[in-house]
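Me: I am new to reading protein structures, and I would like a close look at a single part of this one. Could you take me through one strand and its surroundings, step by step?

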Amino acid sequence: MTEQMERLPRFTAAAVQSSPVYLDPAATVEKAVSLIAEAAAHGAELIVFPEVFVPGYPYWNWTMNPVQGSPWFERLWRASVDVPGPHVDALRAAARRHGAVVVIGVNERSPHSLGVLYNTMLTIGPDGGLLGVHRKLVPTWAEKLTWTGGDGSSLKVHATPVGPLGVLACGENTNTLARFTLLAQGELVHAASYIALPVAPEDYDMADAIAVRTAAHSFEGKLFSVVACSTISPEIVDTVAGDDQDLRRMLRPRSALSGIFGPDGRPVTEPLVDEEGIVYGEIDLAKCIQPKQMHDIVGHYNRFDVFRLHVDDTPRSPVVFTSDGTRTTAPTLPADDTDAAGPPKEDS
């Protein structure tokens with residue numbers, strides 16, 4: 001970390017604002033691979049994708065009662081990915097081929113239970129190595145009908161060529177203690193992934209909410225944030241809403257915002273609202289130094305004799321065998337037919 005601090009990288013970051021090929025993991029991964037190539041061709045060394053981009057967000061949790069939504073849970077489970085697995089391998093190959101750090105959200109199947117899905121963010125290094133598998137700690141509101149919460153073991157900051165990198169999913173960026181945990185590990189680049197939320201109350205502006213949260217973390221931590229949000233495609237509306245005219249109002253404005261924010265809390269370039277595209281921004285980590293002289297909440301601008309944060313980073317398992325103290329998990333479950341086919345073969 002010390003050597004990296006001395007280098008203080010300068011690089012181009014890319015925030016991808018796009019919709020998945022809904023509930024089709026192979027096609028969505030293929031789309032992601034294409035977007036990685038596009039961003040890398042524009043010089044991006046860090047490429048951030050939306051929350052659960054593969055294969056999409058369970059909007060039915062907000063539009064149906066739990067009984068109506070149950071068959072949709074099964075559909076999502078069958079379309080989710082295994083970590084490790086062929087879809088992850090394709091993403092890793094793309095990151096390696098283009099020499100970029102990639103952060104992407106996936107629905108991850110548990111290896112031990114058919115009833116467990118995780119909202120997971122993958123951090124992939126430019127050599128294709130899987131640096132981090134962060135499972136969202138607390139599913140937000142109706143999301144609890146789909147996802148199981150992760151544990152503290154993945155609240156890690158990773159040493160990457162673009163600097164010390166941490167990631168959080170959507171509502172976690174409102175969790176002060178989760179954010180502080182990353183900041184206290186030296187985070188200078190933050191990746192935040194969101195989904196478009198047109199199912200929120202009518203007076204809720206998701207674009208503003210994303211901007212406020214991103215600006216807050218950037219300003220408090222005196223760091224750069226790359227925020228990527230999904231979009232709502234007509235395909236998603238058709239799939240979830242059908243002919244229900246009330247539900248078809250999901251295509252409402254200001255449901256998504258993506259961009260890059262600096263240590264002063266302001267965007268370094270104009271954010272993208274609602275439309276599909278890629279936002280590029282230049283990040284110079286040297287610009288974090290002077291702001292930290294003013295307010296460094298993980299240094300001189302804190303009272304660690306007054307405040308103490310204890311984080312349990314123990315990996316949690318459903319069973320611990322006391323005979324040898326080894327934490328175990330069940331063998332990986334066989335994939336469904338769609339998943340087993342996997343994405344197209346990737347060049348190494």
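**Strand E8 and its partners**

Reply: In this predicted model, strand E8 is joined by six bridges to strand E9 (residues 224-229), and the two strands run parallel. Within this pairing, tyrosine 194 stands opposite cysteine 229 in E9. To pass from E8 to E9 the chain crosses through helix H7 (residues 206-221), and this β-α-β crossover is right-handed.

E8 also pairs with strand E7 (residues 163-169): five bridges join E7 to E8, and these strands too run parallel. Here leucine 168 is the residue that stands opposite alanine 192 in E8. The connection again involves a helix, since E7, helix H6 (residues 176-183) and E8 together make a right-handed β-α-β unit.

With both partners placed, we can turn to the strand itself. E8 covers residues 189-194, and it is mostly covered, with six of its six residues buried. To follow how its side chains are arranged, it helps to know that in a regular strand the side chains alternate between the two faces of the sheet. In E8, Val189, Ala191 and Ser193 point one way, while His190, Ala192 and Tyr194 point the other way, and all of them are buried. Two residues named earlier, Ala192 and Tyr194, therefore belong to the set that points the other way from Val189, Ala191 and Ser193, as the alternation in a regular strand would lead one to expect.

Key:
Residues are numbered from 1 along each chain as its sequence is written. This is a predicted model: local features need pLDDT of at least 70, side-chain atom pairs count only at pLDDT 80 or more; totals for chains, interfaces and linings use all residues. Side-chain values use heavy atoms; hydrogens and water are left out. Buried means under 20% relative accessible area, exposed over 50%, partly exposed in between (1.4 Å probe, protein chains only). Helices (H or I, at least four residues) and strands (E, at least two) are DSSP runs, numbered from the N terminus. Two strands pair if DSSP finds at least two bridges between them. A crossover is right-handed if, with the strands pointing away from the viewer, the path from the first strand over the helix to the second runs clockwise.
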